[in-house]
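User: Could you take a close look at one part of this model for me? I would like to hear what surrounds a single serine, and then how its neighbourhood fits into the rest of the chain.

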Amino acid sequence: MNQIVKGCVFGLPLNFVAGLIAAAAWLPLLTGNPTLAQEIRERELGGLSTRVIPGPVPNQPLRLGIYGTNTDTGVLIQSVQANTPAQLAGLEARDVIINVEGYQVGYVGGRLYELTQELARRVDARGEVNLLVRNHRNGQLTNVRVRFEPTHIIRGTIQAADRRPIPPAASLIVRLLDVSNPNWQGAVVQQLNLGAPRAWPVDYEMPVDVLPDSQRQRFAVDAQVIRGGQVLSDSGRPVRVSLSGNSSRANLTLRASNAQPPGAVPMDQIRQWYEKFLGRQATQRELDSWQRELERGKALDEIEASILSGSEFFDRQGEDRDRYVDEVYRQLNGSLPNSTQHERLRELLDNNSGLRFPFAREMLRQQTEKAGSNR
């Protein structure tokens, strides 16, 4: 049995041991062996155990404040949101988060280890956790200390107008939305998955770990019941909340929704999006990952927005924002925008600090409204 005495394991300083673990987690990048990191997670390295007993994963995951892509070498950061733990820790777009407290994230041996779950398991009692990050500026590995500190709590009660129980395999989702700009409806800041409560009403509590960028930024809360990517019911117009002070309250009532066609087959639709937007077939690993997201309550339109805002689609446009907004418009409308439309698209993108996901969500919302008005 390994014995830890005053900061040492078998007489080796802990910082040396941490270095071994960090280097081992980086080996798949250097050797091209994607299974090595999986072995590191599941065996003892030279007699030094790198495993710990996973702690419980909280119902509300810790929000780091990034948009990222899971890869075989970690989580590639696409963008970093302002006033979040990620920004305060100095993380930047194109950095790669390799592991959390020595536990690799992203795809390891074909299995997905999610960043949010590892953060929830490894964070200490002070709300702090160490990340191993590859700095995109110089390619070097560095340890980054991140601190999570909820700034606000939103509480409320959710009622169902028809009082019917939530169907099997469905989830009740509470969402915090940024409604600062009327052109940016549905920009999800964070969400809380309440699973499938057995009775109404349902009380909820959402810790908020994001600070407003300015006094003009406005927020609201809504709720949805989602099954397999289809919205079964929702609370309608979002309820405005103020993030000033320590807490706020938003009570919500769910009613049947017609947000998505009942005949939609999520996985078939996702396959079509890969072929349409990326010009290739989705891999089975990608489909399995999206299936897990659907089971956790992610809506189908969020997956479509994720594909349109992902690094692969952006890379295909030469990482050029002007080409990117034009191509999103063309994919959704069948033609390129004129000069006036292009300027409006750039304004939409720039108004949200250049974040592609809320831009794609808004473009999809406008397309849905346009299709509805033409019926």
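Analyst: Leaving aside residues up to four places away in sequence, Ser-309 touches Gln-78, Tyr-324, Arg-356, Phe-357 and Ala-360. Please keep in mind that this is a predicted model. Ser-309 is found in helix H7, and its relative accessibility of 5% makes it count as buried, because buried means under 20%.

The side chain of Ser-309 also has polar partners in the backbone. One of its polar atoms lies 2.7 Å from the backbone oxygen of Ala-305. The side chain of Ser-309 reaches the backbone oxygen of Ser-306 too, at 3.4 Å.

Tyr-324, one of the residues that Ser-309 touches, takes us to the largest nonpolar core. This core has 32 residues, and those touching the most other members are Ile-270, Phe-277, Ile-307, Tyr-324, Phe-359 and Met-363. Two or more residues each come from helix H5 (266-278), helix H6 (284-295), helix H7 (300-309), helix H8 (311-315), helix H9 (321-333), helix H10 (339-350) and helix H11 (356-373). H5 gives the largest share, with six residues.

Ile-307 is a good residue to look at next. Again not counting residues up to four places away in sequence, Ile-307 touches Trp-273, Tyr-274, Phe-277, Leu-278, Trp-290 and Phe-313. Apart from this core lies another one, of 24 residues, with Val-174, Trp-200, Val-221 and Val-241 among them.

Trp-290, a contact of Ile-307, leads us on to H6. This helix has twelve residues and spans 16 Å from its first C-alpha to its last, close to the 16 Å expected at 1.5 Å a residue. Its buried residues are Glu-286, Leu-287, Ser-289, Trp-290, Glu-293 and Leu-294. Viewed down the axis of H6, the buried residues fall within an arc of 160°, so they line one face of the helix. Gln-284 and Glu-295 are exposed on the other side of H6. What do the buried residues of H6 pack against? Their partners are strand E10 (106-108), strand E11 (111-113), H5 and H7, and H7 is the helix in which Ser-309 is found. Just after H6, Gly-297 takes a positive phi of about 110°.

Now for the second core, where Trp-200 is among the members. A cis peptide bond joins Trp-200 to Pro-201, with omega at about -5°. Pro-201 is found in the loop between strand E16 (187-193) and strand E17 (202-208).

Val-221 is also among the residues of that second core, and its number falls in strand E18 (residues 219-227), which pairs with strand E19 (residues 230-234) in the antiparallel sense over four bridges. Gln-224 stands opposite Asp-234 in E19. E18 and E19 form a hairpin with two residues between them, and Gly-228 in the turn has a positive phi of about 55°. E19 pairs in the antiparallel sense with strand E22 (residues 252-256) as well, over two bridges, and here Ser-233 stands opposite Ala-256. E22 in turn pairs with strand E14 (residues 152-160), this time in the parallel sense over three bridges. In E22, Leu-252 is the bridge partner of Ile-158.

The loop between E14 and strand E15 (171-178) holds Arg-163, and Ala-169 is found there too. Arg-163 has a positive phi of about 65° although it is not a glycine. Phi of Ala-169 is also positive, near 70°, in a residue other than glycine. Arg-163 is partly exposed at a relative accessible area of 48%, whereas Ala-169 is exposed at 65%.

One more buried polar residue deserves a glance. Glu-118 is found in helix H4 (residues 115-122) and counts as buried at 2% relative accessibility. Glu-118 and Val-100 are 18 residues apart in sequence, with 6.4 Å between their C-alpha atoms.

Finally, here is the whole chain as a setting for Ser-309. The chain has eleven helices and 22 strands, and buried residues make up 46% of its 375 residues. Among contacts with a separation of 6 or more, 61% are between residues 24 or more positions apart.

Notes. Residues numbered from 1 in each chain as written. Predicted model: local features only at pLDDT ≥ 70, side-chain atom pairs only at ≥ 80, totals over all residues. Heavy atoms only, no water. Core = buried A, V, L, I, M, F, W, Y, C linked by side-chain atoms within 4.5 Å. Buried < 20%, exposed > 50% of the residue type's maximum accessible area, 1.4 Å probe, protein only. Contact = heavy atoms within 4.5 Å. Polar contact = N/O pair within 3.5 Å; in protein donor to acceptor, adjacent residues only side chain to side chain. Expected span 1.5 Å × (residues − 1). Arc of directions from axis to C-beta. Pairing = 2+ DSSP bridges.
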